[in-house]
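Got your viewer open and your selection tool ready? Let's walk through a few helices and stop off at one side chain.

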Amino acid sequence: MTFPESPATVDDSGARTLYPRADRALDLRWWAAANYLTVGQIYLQDNPLLREPLRAEHIKPRLLGHWGTSPGLSMLYILLNRLIRTRDVSCLYVTGPGHGGPALVANAYLEGTYTEIYPKVSCDLDGLRRLFRQFSTPGGVPSHVSVQTPGSVHEGGELGYALTHAAGAAFDHPDLLVACVVGDGEAETGPLAASWRLPAFLNPRRDGAVLPVLHLNGYKISGPTVMGRMDDDANCRFLSGQGWDPLVVEGDDPSGVFSDLYSALSTAMDRIRANQELARSGSGRHDYTWPAVVLRTPKGWTGPRVVDGVQVEGTFRAHQVPLAAVRENPEHLAMLEAWMRAYRPEELFDQAGALVGEIAALAPVGDRRMSASPYANGGRLLRPLTLPPLERYALDIPAPGRSSYETTRPLGELLRDVTRATLRPQDGGGDFRLFCPDETSSNRLGAIFEATDRCWQLPVLPTDDHLSADGRVMEVLSEHLCEGWLEGYTLTGRHGMFASYEAFSMVSASMMVQHVKWLQHARQLPWREPVASLNVLLTSTCWRNDHNGFSHQGPGLIDAMVPLSPSVVRVWLPPDANCTLSIADHCLRSRDHVNLIVVDKQSHLQYLTLAEAQQHCADGASVWPWASAEEPAPGEPDGPDVVLACAGDVPTLEALAAAQLLRDHVPYLRVRFVNVVDLVALLPPDAHPHGMPAARFRALFPEDVDVVFAFHGYPRAVHQLLHGRPEPARFHVRGYTEHGTTTTPFDMVVLNKMSRYHLVLEALRRARRIPEGGAELGRNCRRMLERHHTWIREHLEDMPEVRDWTWQG
């Protein structure tokens, strides 16, 4: 519906009593100051307040930035500031059109926060000059609402994630309003389309509120937007169908739009608080609708209307730099000067270059400023998790490789107790959530349902299982939403884990890459407090998705993560349940990392006691003496003839079975068994903080000995990590090579030539000496591969000696 003028807010003169003309006039002056600073950042390197006529040498040599969305962003910013001051609201601003970075920097500067954090960008002429010169220039700040921007938790460079980040920020922050600008270009993306389903998961009893502002300026970079061309009724019907109650504001007269938008924001705040008061009074209702604003204003508002005879304002041509040839074209230079002087900078800034007092007074105070909000610097709010002793969950291992257990099930028990320990009894909120695309029980994490349910604000049927409004497991069949919710949740001061089928984690891989980039730069900013790490559990892995087939088999996220910032990325491949517990405990305690934990959910052989597992995980890689056989015969030199190495649960099983075959059939071949649990430990220490020192690497992998390496993922990932190590060509990696189908578990490793028989053949080929009986063992391995091929087609299951194999030692 179109937002009506309520008679209660209009006096006899036609002025809104809710928003007096004098207040509106002040807000319009702030808006003029923000727009002026935005234009200055895009264009100027000197003469910041136009105290002299504008000349070509005052213009930056490269003009970068985006003007089109910026006026709308700044208008919303100042009106939210008024709402904050009049209604005592804690507000976080999420900028979907992140290319409007100069607008958010301008507002942070006007609030004073920018100077507090970056004192060299002072509130005077010199500071203004620095503010302008630094934008999108070498050694300066990026063009988007980046991690360097105070008040930001969302860069908005890669579009689609604004509303899911806003939702993550609102979860379990009951006093927070998250104002989320959704650009009409971003609204065309898949992740954003899914994000509108938030009302099905937002609980007004314990959560804050998200106020989406769908900003329709009509255009992307070079063409119209879908929702921009849809009429208001169609947009409102769409939003209403997702659980939103839309308010429409549109126009091109600044004074009128300011009045209408502030009325809409005030009405939205009334509805939000009504929902929260009702929910927190114990009403038991769950059918809440939430306000949303549809804001339609011109693209490039208040900028040049026509340039070189072509309309710019209100078209796609206003998207970036409306006047592109200012240094070369005197007419463009004159137009820029007239444009900037139209904001009357001499009335906005005093002689020293500071914002005049009556405008500066519009900013909220202290942490109420959106640019200074602790919610946007989540480490300020972060509380350490209470993690129970791992001994409660550890498996008893009387002998390695003899007993099997579902590897992730003990982790589910740990997460259950972490959830219990973080619950707020007064409202059901807390500091930890599990995010998962409808696979929590499938991933053997179902013990968490002993502590909580799946979060669900829609009707619950008697046939449903563990669904409730107060549930803390966030299950939605969208990897984008799970990843984005967790990112927003951790960036605003909480903890969590995202559990996904391994292959489908690639759906949200690009989001994870962007989060790594954010954390990488955040670690370089002393004012950004550390936040909880992003913990991603990849299970239902490629090797054991034999029942689902080729579409479910893909370890590619490892390859996407390994090349990224070594200060942030960690990749863990636990071989068993106790190692998984040790790694999870470490990851949940860590800060500013992206932890990738890759382990299958199915029943696997278990190897290490908890104490052994903790030491192994701390080392990152180690020799397993019980699986090695490298005692030299009398008169022979020390050291192995070949090294069997492995990383991952199924590769560990196959490598151990290969070691057993070598021990049984060629007992005089000296074999060292090395398991790698911290994948990035393979890197040199100057390439990663976890990189093994050269001496330790040589101790595990002697330089004159070949290594047969069974690896969970694509072999190239290990080869990439080994670059820079001595003689990397001696590493012969077997891993997943894109051969898959619906078949048996063992057939998966056979198809990819990582079976125990392939590993034995490779070890015999690469060993420093050919042992007695080696040729016969090789022939036996080939016979077994042929037998396997026939057996599974006749019996439809793996051979008993493979299916029931255990380590004999």
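Start with α18: select residues 577-589. Keep in mind that this is a predicted model. The helix has 13 residues and reaches 19 Å from its first C-alpha to its last, close to the 18 Å expected. Most of α18 is covered, with 11 of its 13 residues buried. Among them are Cys579, Leu581, Ile583, Cys587 and Leu588, along with polar ones such as Asn578, Thr580, Ser582 and Asp585.

Now step back to Asp576, which caps the N-terminal end of α18. Show its side chain and find the oxygen that lies 3.0 Å from the backbone nitrogen of Cys579.

Keep Cys579 on screen, since the next stop touches it too. Select His616, in helix α19 (residues 610-619). Is His616 buried or exposed? Its relative accessibility is 2%, under the 20% cut-off, so His616 counts as buried. Leaving aside neighbours within four places in sequence, His616 is in contact with Cys579 of α18, and also with Leu608, Ala621, Ser622, Trp624, Asn675 and Val677.

Last, jump to α6, residues 162-170. Here 9 of the 9 residues are buried, so the helix is largely enclosed by the rest of the structure. Color the residues by type and you'll find Ala162, Ala166, Ala167, Ala169 and Ala170 among the buried ones, as well as Leu163, Thr164, His165 and Gly168.

What do the buried residues of α6 pack against? Turn on strands β1 (90-95), β2 (176-183) and β3 (209-216), then helices α7 (190-195), α15 (479-491) and α16 (509-522). Finish at Asp172, which follows α6 and has a positive phi, near 65°.

Technical notes: Residues numbered from 1 in each chain as written. Predicted model: local features only at pLDDT ≥ 70, side-chain atom pairs only at ≥ 80, totals over all residues. Heavy atoms only, no water. Helix = DSSP H or I, 4+ residues; strand = E, 2+ residues; numbered from the N terminus. Expected span 1.5 Å × (residues − 1). Buried < 20%, exposed > 50% of the residue type's maximum accessible area, 1.4 Å probe, protein only. Polar contact = N/O pair within 3.5 Å; in protein donor to acceptor, adjacent residues only side chain to side chain. Contact = heavy atoms within 4.5 Å.
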